[in-house]
Amino acid sequence: MKTKFFLIALLIASLSFAQPTKNVEESLIKVNFINPGIEYEWGFAKNQTFDVSAALQFGARGGSDRGFDWALIPAFNASYKYYYNLNRRKEKGKRIRGNSGNFIALNNTTFLNETIIGNLNVTGGYFGQVGPVYGIQRTYSKGFNFSLKMGFGYYYDDFYEGEFGPILGFSIGWVLGKSK
C-alpha cells in the first residue's frame with residue numbers, strides 16, 4: 001500500500017512539474033569573433049541551457065604586488081545557464097529566439113598553458129576560474145549574437161594556491177542555422 005501511494009504521489013508530482021514547452025532553443029551553434037571560437041548551447045529544460053565552447057580567450061592577471069600580464073590562450077568554457085526573464089519578454093512581445101534573455105549561470109573556464117599572443121608567462125599545465133555570473137544574451141533576426149557576463153569567482157591553477165577575483169566575458173558572433 002505504501003509503495004502504491006508513493007508511486008501515485010510521484011506521478012502527480014512529475015505531472016505538476018512537467019513543462020511541455022521550452023522557452024529556450026533545443027540547440028544553438030554559434031561562431032564567435034571576439035574570443036574566436038565555436039560554442040554549442042543545449043536547451044534541456046524550459047528556461048535552462050548547458051553551454052560549452054572552445055576558443056582563444058583573453059586572460060589577464062595582475063595585482064598591487066605584481067605587474068599586469070595578459071594573453072590570448074586556448075580555453076574551454078562550460079556554463080549552466082538559467083534564463084529568468086523569458087516569460088516576461090514573451091508577454092511584452094520581445095524576442096526570445098536564439099535564447100535572447102537575461103541569465104544567471106555557474107561558469108567554468110579552463111585555459112591551457114599555450115600563450116598564443118601576450119606577456120602572460122604560463123609555467124603550469126592549466127589555470128582557470130569558476131563562479132556565478134549574471135549575463136545577457138541577444139540574438140537578432142539575421143543571426144547576429146552578442147553575450148555579456150560578469151561575476152565573481154575562484155581562480156585556480158596547478159602552480160599556485162588560487163585566489164578570488166572578477167569574472168568577465170564578452171562575445172560577438174553569429175548563430176548558425178535557424179532558431180525556433
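This section describes salt bridges, aromatic pairs and nonpolar cores in a predicted model.

Six salt bridges were found in the predicted structure. One of them joins the side chains of K22 and E26, with N and O 3.3 Å apart. K22 is partly exposed, at 26% relative accessibility. Another salt bridge pairs K30 with E41, whose closest N and O atoms are 3.0 Å apart. K30 belongs to strand β1 (residues 27–32) and E41 to strand β2 (residues 37–43), so this salt bridge ties together parts 11 residues apart in sequence. Both ends of the pair lie in the interior. K30 has a relative accessibility of 1% and is therefore buried. E41 is buried as well, with a relative accessible area of 0%.

E41 also meets K81 in a salt bridge, at 3.8 Å from N to O. Here the link spans distant parts of the chain. K81 is in strand β4 (residues 66–83), E41 is in strand β2, and 40 residues separate them. K81, like E41, is buried. Shared partners extend these pairs into one salt-bridge network of K30, E39, E41, D51 and K81.

E39, a member of this network, is placed in strand β2. Its relative accessibility is 10%, below the 20% limit, so E39 counts as buried. The E39 side chain makes a polar contact of 2.8 Å with the side chain of N32. Beyond residues up to four places away in sequence, E39 touches L28, I29, K30, N32, D51, V52, S53 and K81. Three of the network residues, K30, D51 and K81, thus appear among the contacts of E39.

T49 provides a further polar partner for E41. The side chains of T49 and E41 are joined by a polar contact of 2.8 Å. T49 is located in strand β3 (residues 48–63). T49 is buried, with a relative accessible area of 0%. Leaving aside residues up to four places away in sequence, T49 touches V24, E41, W42, G43, F44, S79, Y80, K81, Y83 and N99. The contact with V24 crosses a gap in sequence. T49 and V24 are 25 residues apart along the chain, and their C-alpha atoms are 7.4 Å apart in space.

Aromatic rings form 12 pairs in the model. In one of them, Y83 and F103, the ring centres are 5.5 Å apart and the planes stand at 65 degrees. That angle is over 60 degrees, so the pair is edge-to-face. Y83 lies in strand β4 and F103 in strand β5 (residues 101–112). The pair links distant parts of the chain, 20 residues apart. Y83 is buried, at 0% relative accessibility. F103 is likewise buried, at 0%.

A second pair, Y84 and Y134, is tilted. The centres are 6.4 Å apart, with 40 degrees between the planes. Y84 is in the loop between β4 and α2 (86–91), whereas Y134 is in strand β7 (residues 126–139), so the pair ties together parts 50 residues apart in sequence. Y84 is partly exposed, with a relative accessible area of 35%. Y134 is also partly exposed, at 35%. Elsewhere, ring pairs connect F33, Y140, F144, F146 and W174 into a cluster.

F103 also takes part in a contact with charge. The charged end of K81 sits over the F103 ring, 4.6 Å from the ring centre. K81 is thus shared between this contact with F103 and the salt bridge with E41.

Nonpolar residues complete the picture. In soluble globular proteins, nonpolar side chains tend to be buried together. The largest nonpolar core of the model has eight residues: V24, Y83, L86, I96, F103, A105, V133 and I167. Y83 and F103, the edge-to-face pair, both belong to this core. V24, a contact of T49, is another member. I167 touches residues from several stretches of sequence. Apart from residues up to four places away, I167 contacts N107, Q129, V130, G131, V133, K149, M150, G151, F152, G153 and Y155. V133 is a fellow member of the core. A second, separate core consists of six residues, including I73, A75, F111 and L120.

Methods. Residues are numbered from 1 along each chain as its sequence is written. This is a predicted model: local features need pLDDT of at least 70, side-chain atom pairs count only at pLDDT 80 or more; totals for chains, interfaces and linings use all residues. Side-chain values use heavy atoms; hydrogens and water are left out. A salt bridge is a side-chain nitrogen of Lys or Arg within 4 Å of a carboxyl oxygen of Asp or Glu. Buried means under 20% relative accessible area, exposed over 50%, partly exposed in between (1.4 Å probe, protein chains only). Helices (H or I, at least four residues) and strands (E, at least two) are DSSP runs, numbered from the N terminus. Rings of Phe, Tyr and Trp (its six-membered ring) pair if their centres lie within 6.5 Å; planes under 30 degrees apart count as stacked, over 60 as edge-to-face and the rest as tilted. A charge sits over a ring if NZ of Lys or CZ of Arg is within 6 Å of the ring centre and within 35 degrees of the ring normal. A polar contact is a pair of N or O atoms within 3.5 Å; within protein, one must be able to donate a hydrogen and the other to accept it, and residues adjacent in sequence count only if both atoms are side-chain atoms. Contact means heavy atoms within 4.5 Å. A nonpolar core is a set of buried Ala, Val, Leu, Ile, Met, Phe, Trp, Tyr and Cys residues joined through side-chain atoms within 4.5 Å.
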